[in-house]
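I opened this notebook to keep a record of what I looked up, one topic to an entry. The entries follow the order in which I went through the coordinates.

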Amino acid sequence: ESSEHGLALVGDGIHALVAAERRSARVTGPASDRTIDAVLRFLLASSLLDSGGLLLHASSVIRDGRAWLFAGASGVGKSTIGAHVGGQLLCDEAVAVTVANGAHAHATPYWTARPGSAPVAGIVFPGQASERRWLSLTPAQATARLASCVGPLLPESGAEVLAACSRLCRQVPAASATMTAISDIRDWLEP
């Protein structure tokens, strides 16, 4: 629930009041790591969006000095790809992306991560199938797919999310990749 004082996040005996400017929060109740994590993710996602960036549910690997983003829902293989595709794992759960001076991926502390950042080489939406396929996406197609990987944010942020996704997807190539094995992705990423 929103008010002029901020946004209240309430549940399971926890009450978090996020300040109106969305830069700080006060959590009361039996705070757990999960509660603090949820509030911090919300603050980070809001802060990034305010500057035109995004917090993506994705893993990222740096290869040849450039970051590949593997974005999608839980269970599609993002973390597995990050661990096995080769290169330096930036992070395997949430990636901060800025676009002000070219698209850059930045590590976040979720879950396995190494401090760092790199220019974004491309965005891959992985999936598993009985046959391998790499399908280049238009910026509009990539924007539609990427918007579901952003957040957590408030529903009224939708227009800003779409604008930020569109900016990113016009700057870097994106593809849908169905694979039968991790080596499929590795092969596609080779220069």
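The notes below concern a predicted model, and they go from a helix and its surroundings to strands, cores, a pocket and the backbone.

**Entry 1: helix α1**

I began with helix α1, which covers residues 33–50. I found that its 18 residues reach 26 Å from the first C-alpha to the last, close to the 26 Å expected at 1.5 Å a residue. I then listed its buried residues, which are T35, D37, V39, R41, F42, L43, A45, S46, L48 and L49. Looking for what covers them, I noted the strands β2 (6–11), β3 (14–19), β4 (25–28), β5 (54–63) and β8 (94–98), and also the helix α4 (158–171), as part of the cover.

I looked separately at S47, which lies in α1; I entered S47 as partly exposed because its relative accessibility is 30%. I also took the separation of S47 from L189, and the two are 142 residues apart in sequence and 31 Å apart in space, C-alpha to C-alpha. Following the chain past α1, I came to G52, which has a positive phi near 85°.

**Entry 2: strands β2, β3 and β4**

I turned next to the strands at the start of the chain's sequence numbering that also cover α1, among them β2, β3 and β4. I found β2 and β3 paired in the antiparallel sense over 6 bridges, with A19 of β3 as the bridge partner of G6. The hairpin of β2 and β3 has 2 residues between the strands, and there I noted that D12 takes a positive phi near 50°. From β3 I went on to β4, to which β3 is joined by 4 bridges in an antiparallel run, and in this pairing A16 stands opposite V27 of β4.

**Entry 3: the largest pocket**

Which elements supply at least two residues each to the lining of the largest pocket? I found β2, β3 and α1, and of the elements α1 gives the most, with 5 residues. The lining has 14 residues in total, and L9, R34, T35, A38 and V39 are those that lie nearest the centre of the pocket. For the volume of this pocket I entered about 320 Å³. Two of the residues nearest its centre, T35 and V39, were already in my list of buried residues of α1.

**Entry 4: strand β12**

Is strand β12 enclosed or open to the outside? I counted 6 of the 6 residues of β12 (residues 174–179) as buried, so I described the strand as largely enclosed by the rest of the structure. Its side chains go two ways, with A174, S176 and T178 pointing one way and A175, A177 and M179 the other, and all of them are buried.

I then looked up the pairings of β12. Strand β10 (residues 117–128) pairs with β12 in the parallel sense over 6 bridges, and V124 stands opposite A175. Strand β11 (residues 133–137) runs antiparallel to β12 and is joined to it by 5 bridges, with R133 standing opposite T178.

**Entry 5: the nonpolar cores**

The largest nonpolar core has 31 residues, of which L54, L56, L69, I123, F125, L146 and L168 touch the most other members. I noted the elements that give two or more residues to this core as β5, β6 (66–71), β7 (88–91), β8, β10, α3 (139–147) and α4. The largest share, 5 residues, comes from α4. A second, separate core of 12 residues includes F70, I81, V85 and A177; A177 is one of the buried residues of β12 that I had entered above.

I followed L146 further and, leaving aside its neighbours within four places in sequence, found contacts with L54, L56, A71, I123, F125, C165, L168 and C169. I also looked at T143 in helix α3, which I entered as buried because its relative accessibility is 10%. Not counting residues up to four places away in sequence, T143 touches L162, C165, S166 and C169, so that C165 and C169 appear in the contact lists of both L146 and T143.**Entry 6: backbone details**

I closed with the backbone, for which the background is that most residues other than glycine have a negative phi, and most peptide bonds are trans. The peptide bond from G151 to P152 is cis, with omega near 15°, and P152 lies in the loop between α3 and α4. D64, in the loop between β5 and β6, has a positive phi near 55°. I entered D64 as exposed because its relative accessibility is 69%.

Technical notes. Residues numbered from 1 in each chain as written. Predicted model: local features only at pLDDT ≥ 70, side-chain atom pairs only at ≥ 80, totals over all residues. Heavy atoms only, no water. Buried < 20%, exposed > 50% of the residue type's maximum accessible area, 1.4 Å probe, protein only. Pairing = 2+ DSSP bridges. Expected span 1.5 Å × (residues − 1). Contact = heavy atoms within 4.5 Å. Core = buried A, V, L, I, M, F, W, Y, C linked by side-chain atoms within 4.5 Å. 1 Å grid on protein atoms, 1.4 Å probe; cavity = no way out; pocket = protein on both sides within 12 Å on 5 of 7 lines; lining within 4 Å. Points joined across faces, edges and corners; volume = space filled by probe spheres on them.
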